[in-house]
Structures are given as structure tokens and as C-alpha cells.
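User: Please take a close look at a single part of this model, one helix together with its surroundings, and then at the backbone features elsewhere in the chain. A formal, connected account would suit me best.

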Amino acid sequence: MNNVDMNSDLYNIYVGMDDTDSVSGMCTTYICCVIMDRLKACGFRVDGPPRLIRLNPFAPHKTRGNGAVSFKLVLKSKKEVKTAKNLILKMVEELAVMEDPKTNPGMVFYEGEITPELQDYAWRTIRTIVTQEEAEKLAEKVGAEIFKFKKGRGIIGSLAAIGCPLTDATYELLAYRDPANYGTKRRVDPESVLEMDRKTYPATFDNIDDGYMAITPHTPCPVLYGIRGETRAAVEEAHKLVKVSEPVESFRVFLTNQHTDMHLQKVDAISQMNQFQCYIVRGTVKSPPVVIEGGHVIFTLEDESGEVECAAYEPTKGFRDVVRHLAPGDQLVVYGGIGNKGTLNVEKIKITDLSTLYEYLNPLCECGKRMKSAGKNKGYKCPRCGSKIRGAPPEYGEIKKRREVERKIKKGFYEVPPSARRHLSKPLVRN
């Protein structure tokens with residue numbers, strides 16, 4: 001990964017791009033693929049698969065999916081380097097939807113080793129908030145060449161996509177639509193996806209959600225479907241099994257940090273957590289969960305340092321049933337991120353200990369019927385035969401029977417369904 005290979009005089013150029021997405025449907029991965037194909041057609045060598053790097057999902061300023069891409073060029077001369085850069089920049093100008101006010105593309109070209117400083121920067125873009133000024137200063141320091149379109153915010157992710165270390169990685173195969181079909185219903189055969197999942201899971205994952213396809217997006221973007229898996233071979237095999245009734249313009253396999261939990265930071269105390277960041281934190285359930293308007297389930301997690309409100313939102317579907325059954329005293333490890341309102345958005349939980357719950361039963365009448373309260377401080381009365389038990393309040397407690405309640409949840413991991421899973425959240429099947 002040297003600047004210039006001394007044996008062959010080859011130039012290794014890393015290309016990063018971000019913030020080319022638009023609400024009208026264009027996506028960064030597609031632009032990256034079109035550029036790579038054009039470069040190859042012009043005789044330039046692209047080395048290895050492109051990388052799709054997902055950034056902090058809670059960053060206030062982000063694109064749809066908050067992903068940046070990068071790829072590596074191996075070029076023969078400075079002239080080739082200059083020609084390739086000009087071609088790439090021209091194509092970004094042509095393909096990015098510049099009229100979209102939320103599209104602010106950035107490009108980075110970097111020659112040299114991927115240094116610890118670049119890797120540390122990438123970690124920070126995935127776990128914290130990094131400013132454009134920080135990105136520009138680092139680019140100047142390491143000698144990276146940056147190009148800004150409009151506000152140029154995309155340089156933040158572009159630099160991270162180049163520097164991101166992938167100690168754990170997955171693959172995603174993205175199939176792209178014919179442009180004539182953008183905005184129309186995707187014609188992917190559901191039965192073929194079910195069969196694909198049966199044959200390739202768990203080497204591929206998050207294909208199905210409660211019996212329905214989870215590989216097709218719901219936006220008018222160029223992506224027809226995306227298959228995620230552990231290896232390149234696995235996603236390519238799965239791709240062959242999916243049947244569609246519309247043209248597939250092209251497909252590409254990306255190396256990615258998706259589903260690695262790379263965004264999560266372990267902390268020792270609730271008080272150490274900050275807004276717009278993601279954490280793994282231990283604590284105790286303080287009070288019974290409550291269901292609020294919209295079907296969201298809220299509970300409070302506490303430790304010696306403080307407390308935080310946790311939420312299982314309506315899109316998490318059945319996961320909310322687990323959260324509803326939590327009780328005060330339950331010990332948890334919670335995985336999630338803190339959003340605008342300071343609430344911890346739960347991605348998954350590990351129940352490490354369950355508190356013991358009891359219920360108190362009214363006494364049984366001699367006739368065999370469970371008695372009912374006759375009123376405050378008035379004892380009990382049988383609804384069948386009318387027998388009564390009278391006494392002072394202390395005696396009621398002695399009369400009532402305490403019985404342990406069987407918990408409806410068990411210790412272990414629980415996670416949100418694929419449709420509600422964040423790009424970076426690691427599914428349990430990968431543990």
C-alpha cells in the first residue's frame with residue numbers, strides 16, 4: 001500500500017465519495033458502480049471490490065442510509081492518474097442530483113498508506129460527530145486531495161470510507177434496475193426469495209421478515225434488491241436464486257461494515273453516554289414499561305450514575321412484546337443509540353437476570369370459590385355462598401397467599417426484526 005510500488009512504478013489511488021444521494025432517488029452506490037464501469041471500459045485498473053461504509057446513524061446531517069463508498073485504482077503513470085481523476089469528477093457532476101438541496105457531494109483522492117490516523121478518523125465518523133472542518137484539516141495533513149460540490153459535506157464520509165478498518169466485515173450484493181423502471185413497483189418473485197433464504201441462510205441473512213421480502217427497498221432509487229451475507233460467494237449464489245420480472249441493469253458486490261456493531265461503544269455508566277452516539281450499557285429496569293401513543297414501548301434503565309429512558313418503537317413489531325414483559329429489577333445489557341430527544345433507541349437487549357415477581361391471592365372459601373374483597377378494611381366475602389372473613393388490615397396480609405409469577409421472558413438476547421434493523425446493527429445470527 002505504498003504511494004508508489006518501487007518494482008513496477010504503479011500508483012495506488014484510493015477514491016472516496018459520499019453525499020451524492022438525493023430524495024428524488026439517486027444513490028451513492030449506483031454512481032460508484034457506473035464510474036467504476038466507465039473506468040474499466042477506458043482501460044483503468046480497479047483493484048478489489050468497492051467498499052460501502054455506513055457512518056454514525058444518529059448524525060444530525062446525513063444522507064439516506066448514511067453510507068459512503070470507496071474503491072482503489074492501480075494506475076501506471078501520473079498522466080493516467082490525472083485522466084482518471086478528471087473522468088471521475090466529471091461523472092459525479094453528471095450523475096449526482098445537484099438540484100436537490102440535501103445533496104452536497106464530496107470526493108477524496110488519496111495516495112499512500114492507510115495510517116492509524118486515518119483509521120481513527122473513520123472510527124470517529126462511525127461513533128461520534130465529525131465536522132467538515134476536521135475532515136478538511138486531516139485531508140491536508142495526510143496529503144489527500146479533496147473536491148467539494150456545493151457545500152461539500154460529503155468529504156466527511158469520503159475520507160472515512162477510505163480509512164475505515166474492516167476487522168469484521170460483511171458483503172452486500174446490490175442489483176440495479178433499468179432506469180426506465182425507477183419509481184415503479186419492483187417485480188421480484190417472493191417465492192424465489194423464500195427459497196433463496198432456505199438454501200443460503202445463515203450465510204446470507206435479513207432476507208425475510210415475518211415471511212415477507214426484506215431485500216427490496218421502498219424508495220424510488222436504482223436498487224432492485226440487496227442481499228447481505230458473510231462471504232462474496234454466498235451473496236453471489238443467493239443472487240442466482242432470485243427471480244425477477246424486470247431487467248437487471250447490473251449488479252455489484254460491496255465489502256462493508258454493515259451488521260458489525262461497529263457503531264457501538266461500551267460504557268461503564270449511563271452518565272457517560274452522549275446524544276447522537278451509540279452504546280452498549282448495563283443497567284437495571286427501574287419501573288414497569290409503558291405503552292405510549294403510536295404503540296411505542298418505553299422503560300427506564302438505571303444504574304448508580306443515573307438513568308435513561310429507553311424506547312422500542314412501533315416499527316420493531318414483536319420485539320416490543322419482549323420489552324412489555326420487563327419488570328423492575330431485571331438486569332439488562334442494552335444496545336442502541338441516543339437520538340434527538342435523549343431517548344436510547346433500543347436495537348437489541350441481553351437479559352442477564354430476571355427479578356422474582358409475586359402475586360397475592362385472596363383466600364379460598366370453604367366452598368372452594370376464591371373470595372373477593374369486601375371493601376377497604378372490611379375483609380373478604382365469597383361471591384358464591386356469602387361467607388365472610390373479617391379482620392384488621394394486618395390480618396388480611398396473613399390471610400392472603402403469596403405465589404411466584406412465572407415470567408413470560410427468559411434470560412438471553414432479543415433483537416428487533418430485519419425491517420427495523422439499522423445497517424450497522426449486528427444480527428444475533430452473526431454472533
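Analyst: Helices (H or I, at least four residues) and strands (E, at least two) are DSSP runs, numbered from the N terminus. The model is predicted, so local features need pLDDT of at least 70 and side-chain atom pairs count only at pLDDT 80 or more, while totals for chains, interfaces and linings use all residues. Residues are numbered from 1 along each chain as its sequence is written, and side-chain values use heavy atoms, with hydrogens and water left out.

The part chosen is helix H4, which spans residues 132–142. Its buried residues are Gln132, Ala135, Leu138, Ala139 and Val142; buried means under 20% relative accessible area, exposed over 50%, and partly exposed in between, with a 1.4 Å probe and protein chains only. Viewed down the axis of H4, these buried residues fall within an arc of 125°, so they line one face of the helix. The arc is that of the directions from the helix axis to the C-beta atoms. On the face turned away from the buried side, H4 carries the exposed residues Glu133, Lys137, Glu140 and Lys141.

The buried residues of H4 pack against two helices and two strands: helix H3 (116–127), helix H5 (155–163), strand S4 (106–111) and strand S5 (145–148). Contact here means heavy atoms within 4.5 Å. After H4 comes Gly143, with a positive phi near 85°.

Positive phi also occurs in residues other than glycine. Asp210, in the loop between strand S8 (208–209) and strand S9 (212–213), has phi near 55°. Asp261 has a positive phi of about 60° and lies in the loop between strand S11 (248–256) and strand S12 (264–266). Asp210 is exposed, with a relative accessible area of 70%, whereas Asp261 is buried, at 14%.

A further backbone feature is the cis peptide bond from Tyr201 to Pro202, with omega near 5°. Pro202 lies in the loop between helix H6 (190–200) and strand S7 (204–205).

Finally, an open sheet of 3 strands has the order S20-S21-S22, with antiparallel pairing. Strand S20 (372–373) and strand S22 (388–389) stand at the edges with a single partner strand each, so one side of each is left without a neighbour in the sheet. Two strands pair if DSSP finds at least two bridges between them; strand S21 (residues 380–381) and S22 pair in the antiparallel sense over 2 bridges. The bridge partner of Lys381 in S22 is Lys388.
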